[in-house]
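Biologist: Got a minute to walk me through this one? I'd like to start with the ligand and then wander around the rest.

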Amino acid sequence: MKTIGYGKANGKIILMGEHAVVYGEPAIAFPFLATKITATIQSCDSFLLHCSYYKGSLEDAPETLNSIKVLINHLQTEYATGPLLATIESTIPAERGMGSSAAVAVALTRAFFDFIDQPLAQETLLSYVEQSERIAHGNPSGIDAAATSGQDPIYFTKGHPFNFFPLNIDAFLVVADTGVKGQTRAAVKDVANLVSSNDGQEIMRHIHLLGALSKEAKEAISENQVQRLADIMNEAQQHLTKLTVSNQLLDQLIQTALATGALGAKLTGGGRGGCMIALTKTKKEAQVVSQALEKQGAVATWIQGLGVHTYA
Ligand code: MEV
């Protein structure tokens, strides 16, 4: 065992296919390297958790940290390490559709295996993260775990081997945080309720169409068709609205982005708050859109280049 174990993960952005991915449709996501989590694990006299909004005993941690609590308990019972201090430092805004819960689980599991000085296979990592995500999200597709633990964009279909692909297109993405906590768990559950309601068939139609749009988006990206990708994003937002996962705040920011030069815009992640994304052709246009979004109430914005020379 080492004195201290370190683990890292990053945030993620879903470009296309959120919610539909839970139903076996493909989705496109990429690691959002502008946001990161670092975790450490070390021996201690009792079980303690230190993060930005809680410092204290693991047992008394608030319910919102249940997925972390269960993960640490699970790992230490399996490997009989004795009491541990887990620390988490994060620049990923929590509950904003950037995969913070999966990223915490990835970073903690990596820190734990570093601490016990054992190799960690990707499959083992993903299985611990999935158990933790079941508590945080209810019914996770696994896309958040895949994108927060990797370095490459991914075309993801639940239960299939990962398909990494270069997200190289001459365009820029503006990511804007509404400042309002998203409700992924509730949104995923509400979509499931809609699927089993009298409108189930119509809801499934939107879900399949979202899957078809992910396929088209992959094609548009490989052929460097910016306007086509933007149109696909706009269409996806309409289907996501039908799934009831957008809200007024997201709609307003999407409208602002489109009115100030974005070619396409949609929510990203679980929705009902959280973040939205907007596509522009140039960096200058991205800056104009991002300023307009901040003026309209976005609490933070990021600009991500997607081109061959700008993706980083
Ligand atoms: C959450 O980031 C993405 C969802 O599709 C849920 C999931 O795939 O687990 C809404």
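Modeller: Sure. One definition before we start: helices and strands here are DSSP runs numbered from the N terminus, with at least four residues for a helix and at least two for a strand. Also, keep in mind that this is a predicted model.

Biologist: Fine. Which elements each supply at least two residues of the shell around the ligand?

Modeller: Those are β1 (4–16), α4 (143–149) and α5 (184–195).

Biologist: And how many residues surround the ligand, and which are the closest?

Modeller: There are 14 residues around the ligand. The closest are Lys12, His19, Val21, Ser141 and Asp144.

Biologist: What's the make-up of that shell by class?

Modeller: Sorted by class, 6 residues of the shell are nonpolar, 5 are polar and 3 are charged.

Biologist: Let's do distances. What does His19 put by the ligand, backbone or side chain?

Modeller: For His19 it's the backbone: one of its backbone N or O atoms sits 2.8 Å from a ligand oxygen. Ser141 uses its side chain, where an N or O atom is 2.6 Å from an oxygen atom of the ligand. Asp144 also has a side-chain N or O atom by a ligand oxygen, at 3.0 Å.

Biologist: How much of the ligand does the protein bury?

Modeller: The protein buries 99% of the 300 Å² that the ligand exposes when taken alone.

Biologist: Where does the ligand lie relative to the domains, and why do you say so?

Modeller: The ligand lies between domain 1 (4–163) and domain 2 (167–305), because both of them give residues to the shell around it.

Biologist: OK, zooming out. How many helices and strands does the chain have?

Modeller: The count is 9 helices and 11 strands.

Biologist: What about the overall dimensions?

Modeller: Along the principal axes, the C-alpha atoms fill a box of roughly 55 × 45 × 35 Å. The radius of gyration is 19 Å, which agrees with the value near 20 Å that a compact globule of 312 residues would have. As for burial, 53% of the 312 residues count as buried.

Biologist: Switching to backbone angles. Which way does phi usually go?

Modeller: Most residues other than glycine have a negative phi. Asn224 has a positive one, near 55 degrees.

Biologist: Where is Asn224?

Modeller: Asn224 is in the loop between α6 (200–222) and α7 (226–242). Its relative accessible area is 35%, so Asn224 is partly exposed.

Biologist: And what's phi for Thr244?

Modeller: Near 70 degrees for Thr244, again a positive value in a residue other than glycine. Thr244 belongs to the loop between α7 and α8 (248–259). With a relative accessible area of 35%, Thr244 is partly exposed.

Biologist: Now the helices on either side of Asn224. Is Leu229 buried or exposed?

Modeller: Leu229, which is in helix α7, is buried, since its relative accessible area is 0% and the cut-off is under 20%. Ala220 in helix α6 also counts as buried, with 0% relative accessibility.

Biologist: How far is Ala220 from Asn198?

Modeller: Their C-alpha atoms are separated by 35 Å, with the two positions 22 residues apart along the chain. For Leu229 and Lys283, 54 residues apart along the chain, the C-alpha separation is 17 Å.

Biologist: Last one, back to strand β1. Is Lys8 buried or exposed?

Modeller: Lys8 lies in β1 and counts as exposed, because its relative accessibility is 56% and the cut-off is over 50%. The C-alpha atoms of Lys8 and Pro62 are 23 Å apart.

Notes:
Residues numbered from 1 in each chain as written. Predicted model: local features only at pLDDT ≥ 70, side-chain atom pairs only at ≥ 80, totals over all residues. Heavy atoms only, no water. Near = heavy atom within 4 Å. Polar contact = N/O pair within 3.5 Å; in protein donor to acceptor, adjacent residues only side chain to side chain. Areas by Shrake-Rupley, 256 points an atom, 1.4 Å probe, with all protein chains shown as cover. Nonpolar A, V, L, I, M, F, W, Y, C, P; charged D, E, K, R; others polar. Domains from an automatic or database assignment. Rg over C-alpha atoms; globule rule 2.2 N^0.38 Å. Buried < 20%, exposed > 50% of the residue type's maximum accessible area, 1.4 Å probe, protein only.
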